[in-house]
Amino acid sequence: MAITVVCRIKAKAGMEEEVKQELMALINPTRSEEGCINYDLHQSTDNKSLFLFYENWTSKDALDEHMNKPHLDAFKKKDSELLAEPLDVTLWEKIVTDDQTVKKELEIKADEESYAPSEEIMEKSEIGVTKPVEEEKKESYRFEESFSSNGPDNEGWNLNEWDLHDTNHTGENSKSLYGEASSNFGTVTKTASVTVTLGYSAILQYYRKLELYGANIMSDAAFKVIIDDGSEHIVDEKSQKLGNYTESSWVERSGIDLSFYGGKTVQLKFVVTVTDPASIVSYAKVWIDDITISDEKQVSNNK
Ligand SMILES: [Ca+2]
């Protein structure tokens, strides 16, 4: 594991220039040492007698070797005549390597707490993001899908074994998206998906009708809405283990917070999945219509 060193050096009054020359003489031999990633000398803008080395080494062993090099020894021998205080050396280990690590940690936290972290947490934690948060937040995306008579309104759908259906929520001659899975002495899963780019305040809304039927105690008929950003996250689901669950008229599902995936291009997946090791009777049917991913908070921020 790489190790970071911060070394603070304070020159005696009147010795600043001499200390600076001595420290600069260390740079070339140190940088040519094996295991030296960087070895950068700084001088305080507030106090010209303060110097700082910011160093990174490929390993603690490489650093230990450096500490025994003759060029460093020579400098240490002059310590008492040049420096006002002993060298102040601290070792550091990087705990956040990039933006992705932060997001991963937040994701774990969100899972533990069962809700997406607030914007405040996201902003505070986005240390090391190359693009400023404020700039990214200006990007706003809105997605609307009504499954018009000609087919989906948006590109990027992968309907697989789902179909467009004449059952319709709103609009003349418009369609809905229909998925059905029936068990076959095992598990059957069918997925329709679309590629969407999410704004930072993304909220999902859609309308659905469901028919879930589990024929026996070993069965499970389920419908899931999933965000896939490389791994799958269930954002809405309904499961029926035994017996009937039916939504015979359109049900509005709203306020599904996707802001945690804001700024990402993801797969929005609709999944019907039925498990029944004992029969072919269990099934899951779902009709989906009028999907909207809004960015409402973004709009109000711009007022
Ligand atoms: Ca429709």
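## A walk through a predicted chain

An open sheet of four strands, in the order 2-3-1-4 and with antiparallel pairing, makes a good place to start. At its edges are strand 2 (36-43) and strand 4 (88-92), each of which pairs on one side only. From one strand to the next, the twist averages 15 degrees. Please keep in mind as you look around that this is a predicted model.

### The first sheet and its helices

Inside this sheet, strand 1 (residues 3-10) and strand 3 (residues 50-57) are antiparallel partners, joined over eight bridges. To find the pairing by eye, look for Ile 3, which stands opposite Trp 57 in strand 3. In general, strands of a sheet pair through backbone hydrogen bonds, either parallel or antiparallel.

Now bring helix 1 into view. Helix 1 lies across strand 1, strand 2 and strand 3, and runs at about 170 degrees to strand 2.

How do helix 1 and helix 3 lie relative to each other? The axes of helix 1 (residues 16-31) and helix 3 (residues 70-77) come within 10 Å and cross at roughly 170 degrees. Angles over 145 degrees count as roughly antiparallel, and the two helices are therefore roughly antiparallel to each other. Helix 1 brings Glu 22, Leu 26 and Pro 29 to the contact, while helix 3 brings His 71, Leu 72 and Phe 75. Sorted by class, the residues of this contact are four nonpolar, one polar and one charged.

### The five-stranded sheet

Further along the chain, five strands form another open sheet, with antiparallel pairing and the order 6-9-15-11-12. Strand 6 (157-158) and strand 12 (232-240) each have a single partner strand, so one side of each is left without a neighbour in the sheet.

Strand 11 (residues 220-228) is a helpful one to follow, as it pairs with strand 15 (residues 265-276) in the antiparallel sense over nine bridges. Across that pairing, Asp 228 stands opposite Gln 267 in strand 15. Strand 11 also pairs with strand 12, again in the antiparallel sense, over eight bridges. Here you can look for Phe 223, which stands opposite Lys 238 in strand 12. What links strand 11 and strand 12? The two form a hairpin with three residues between them, and Gly 230 in the turn has a positive phi of about 115 degrees.

The table brings together pairings from both sheets.

| Strand pair | Bridges | Sense |
|---|---|---|
| Strand 1 and strand 3 | eight bridges | antiparallel |
| Strand 11 and strand 15 | nine bridges | antiparallel |
| Strand 11 and strand 12 | eight bridges | antiparallel |

### Three residues to zoom in on

Thr 273 is found in strand 15. Is Thr 273 buried or exposed? A residue counts as buried if 20 or more other C-beta atoms lie within 10 Å of its own; Thr 273 has 20 of them within 10 Å and is therefore buried. Leaving aside neighbours within four places in sequence, Thr 273 is in contact with Ala 181, Thr 187, Thr 189, Ala 222 and Ala 284. Take Thr 189 from that list: it lies 84 residues from Thr 273 along the chain, and yet their C-alpha atoms are separated by 4.2 Å.

The next two residues are worth a look for their backbone angles. Most residues other than glycine have a negative phi. Phe 147, however, has a positive phi near 55 degrees. Phe 147 sits in the loop between strand 5 (143-145) and strand 6, and counts as buried with 25 C-beta neighbours inside 10 Å. Asp 290 also has a positive phi, of about 45 degrees, although it is not a glycine. Asp 290 belongs to strand 16 (residues 283-294) and, with 20 C-beta neighbours inside 10 Å, counts as buried.

### The whole chain, and how far to trust it

Stepping back, the chain has eight helices and 16 strands. Of its 303 residues, 27% are buried. Among contacts with a separation of 6 or more, 73% join residues 24 or more positions apart.

The average pLDDT of the chain is 86, and 83% of the residues score at least 70. Over residues 128-133, though, the pLDDT is below 50, and this stretch has seven contacts in the model beyond near neighbours in sequence. Residues 298-303 also stay under 50, with four contacts beyond four places in sequence. Where pLDDT is low, the predicted coordinates should not be read in detail.

Key. Residues numbered from 1 in each chain as written. Predicted model: local features only at pLDDT ≥ 70, side-chain atom pairs only at ≥ 80, totals over all residues. Pairing = 2+ DSSP bridges. Axes fitted to C-alpha atoms, helices over the stretch in contact; angles between N-to-C directions. Parallel < 35°, antiparallel > 145°, perpendicular 65-115°, else oblique. Contact = placed C-beta atoms within 7 Å. Nonpolar A, V, L, I, M, F, W, Y, C, P; charged D, E, K, R; others polar. Buried ≥ 20, exposed ≤ 12 C-beta atoms within 10 Å, placed from the backbone. pLDDT = per-residue confidence, 0-100.
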